[in-house]
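I opened this entry to record what I looked up around the ligand and at a few separate positions in the chain.

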Amino acid sequence: MLFQKSLVSIEDVSTEDIEEILKISDSMVKLLEAHKNPHSMDSYVMATLFFEPSTRTRLSFESAMHRLGGSVLSVSDVSSSSVAKGETLADTIRMAEAYSDIIVIRHPLEGAARLATQFTAKPIINAGDGSGQHPTQTLLDLFTIWKEFHSLDGLNVSLVGDLKYGRTVHSLIMALSRYDVNINLVSPPSLRIPDHFLARIPKSKKVRITESLDDVIDSSDVLYVTRIQKERFADKNEYLGLIGSYSIDEVIAGKMKKSAIIMHPLPRVDEIKPEVDFTGNARYFRQASYGVPVRMALISLMMGVS
Ligand code: NCD
C-alpha cells in the first residue's frame, strides 16, 4: 500500500507494490501512446525541490504530473530560493507542504529525504540523496527489465562502474535481491559496494564480486552501466585515476548475448561509447523514457487516484 506513504528507500516498497507499479506503468504507457489524459489529478499539486543537478528525474516527474492532469511547483536552482538566504531544510519542507500535496526532493546529503519526512505529514519521494538511494530510478529500471524479459526472475544481471557512490545501484541491488536473479558486481576495488548495502542482501542470493568485465560480459542478460560519480570524490586525483575504468564500445557489446540489454541511468560520460547506441543491445534511452509512465503510476498510487 503506497497511499499517502513516503518513498525514501526501495525497502519502503513491498514486492506486491512493485508488481502493482509495473502493471499500472504498463497501462500508463498505453495511455501515453494514445495521448489520453486521465485528468484524474487536476486538484493536486506536486512540489519538486532539487538541491542537486538533474535532467531526467526532475523533467520526468514533472511531465508525469502534467500528464496526469496535476500541477507542479519547482525549485530547480536552490540559489534562486530562500535556501540561499540560509533557510533550513526543515523550513523549506514545511513551505512545500503548505503549497502542495506531494514533495519530490533531491539532495546532496545521504539521509536528507528521510530527514525531510520528519517535517511534514505529506508524502516525500526521494529523487536521490547523495550516495544513498534513488528508489524511483529503480522502479523504472525494474520496469525496463520486466518489459524486455516479461519477468524479473531467472536473469543474470551485472552492475558495472561506481558501486560505492552510485545511488541508483544501491536501490537496484536491494530490489533485485528479492527476485531469482544472479547479481554480478563489477567495479574497481576502490569503488566496491559499501558493506552496509551488501549486508542487506539475503545470504541465499548468489552475488559475484569482480573487477573484470570479461568475467560477466558473455553471460549477462542485463549490463547496467553507471557513471563514476565525480561530484562525490573528496580527492579529484582519485577520480581522475578511475575515469575510463570501463568503457563499453562496439567490440565489447559484440561479446554480449544477442538478447542481452545494456542499461544506464544516464547521464553517461565516457562509459558507453556513442557507437553502442546503434547496437541491438542498447536500451538506456528507452529506459529513460519509462521515467514518465512509471512516475505517473507511482504518483497516482500515492495520491490514491489510480
Ligand atoms: C543518476 C543519479 O542522479 O543518481 N541519474 C539519474 O537520476 N538518472 C545517475 C548519475 O547521476 O550518474
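**Ligand site**

I began with the ligand and found that it sits in the largest pocket. I note at once that I am working from a predicted model, so every value here is computed.

I then listed the residues around the ligand, which are Thr 57, Arg 106, His 134, Gln 137, Arg 167, Thr 168, Arg 227, Gln 229, Pro 265, Leu 266 and Pro 267. Sorting this shell by residue class, I obtained three nonpolar, five polar and three charged members.

Next I asked which atoms of the ligand have an N or O atom of Gln 137, Gln 229 or Leu 266 in polar contact. For Gln 137, I found a polar side-chain atom at 3.2 Å from a nitrogen atom of the ligand. For Gln 229, an N or O atom of the side chain is 2.8 Å from an oxygen atom of the ligand. Leu 266 takes part through its backbone, where an N or O atom lies 2.9 Å from a nitrogen atom of the ligand. I also looked up how much of the ligand is covered, and noted that it exposes 320 Å² when taken alone, of which the protein buries 93%.

**Pro 202**

I moved on to Pro 202, which I located in the loop between helix H7 (195–198) and strand S7 (207–210). Is this residue buried, exposed or partly exposed? I recorded Pro 202 as partly exposed, because its relative accessible area of 38% falls between the 20% and 50% cut-offs. I also checked its distance to Arg 178, which is 24 residues away along the chain, and found 8.3 Å between the two C-alpha atoms.

**Leu 242**

I found Leu 242 in helix H8, which covers residues 236–242. With a relative accessible area of 9%, Leu 242 counts as buried, because the cut-off for that class is under 20%. From Leu 242 I looked up the separation to Phe 285, 43 residues apart along the chain, and noted 25 Å between their C-alpha atoms.

**Arg 283**

Last, I turned to Arg 283, which lies in the loop between strand S9 (261–263) and helix H10 (284–289). I entered Arg 283 as buried too, because its relative accessibility is 15% and the class takes values under 20%. I then asked what the side chain of Arg 283 reaches, and found the backbone oxygen of Gly 280 at 2.9 Å.

Conventions
Residues are numbered from 1 along each chain as its sequence is written. This is a predicted model: local features need pLDDT of at least 70, side-chain atom pairs count only at pLDDT 80 or more; totals for chains, interfaces and linings use all residues. Side-chain values use heavy atoms; hydrogens and water are left out. Helices (H or I, at least four residues) and strands (E, at least two) are DSSP runs, numbered from the N terminus. Buried means under 20% relative accessible area, exposed over 50%, partly exposed in between (1.4 Å probe, protein chains only). A residue is near a molecule or strand if one of its heavy atoms lies within 4 Å of it. A polar contact is a pair of N or O atoms within 3.5 Å; within protein, one must be able to donate a hydrogen and the other to accept it, and residues adjacent in sequence count only if both atoms are side-chain atoms. Accessible areas come from the Shrake-Rupley method with a 1.4 Å probe; for residues, only the protein chains shown count as cover. On a 1 Å grid over the protein atoms alone, a cavity is a set of points where a 1.4 Å probe fits but cannot get out, and a pocket is an open set with protein on both sides within 12 Å along at least five of seven lines; lining residues have an atom within 4 Å of a point. A molecule sits in a cavity or pocket if more than half of its atoms lie within 2 Å of its grid points. Ala, Val, Leu, Ile, Met, Phe, Trp, Tyr, Cys and Pro count as nonpolar, Asp, Glu, Lys and Arg as charged, and the others, Gly among them, as polar.
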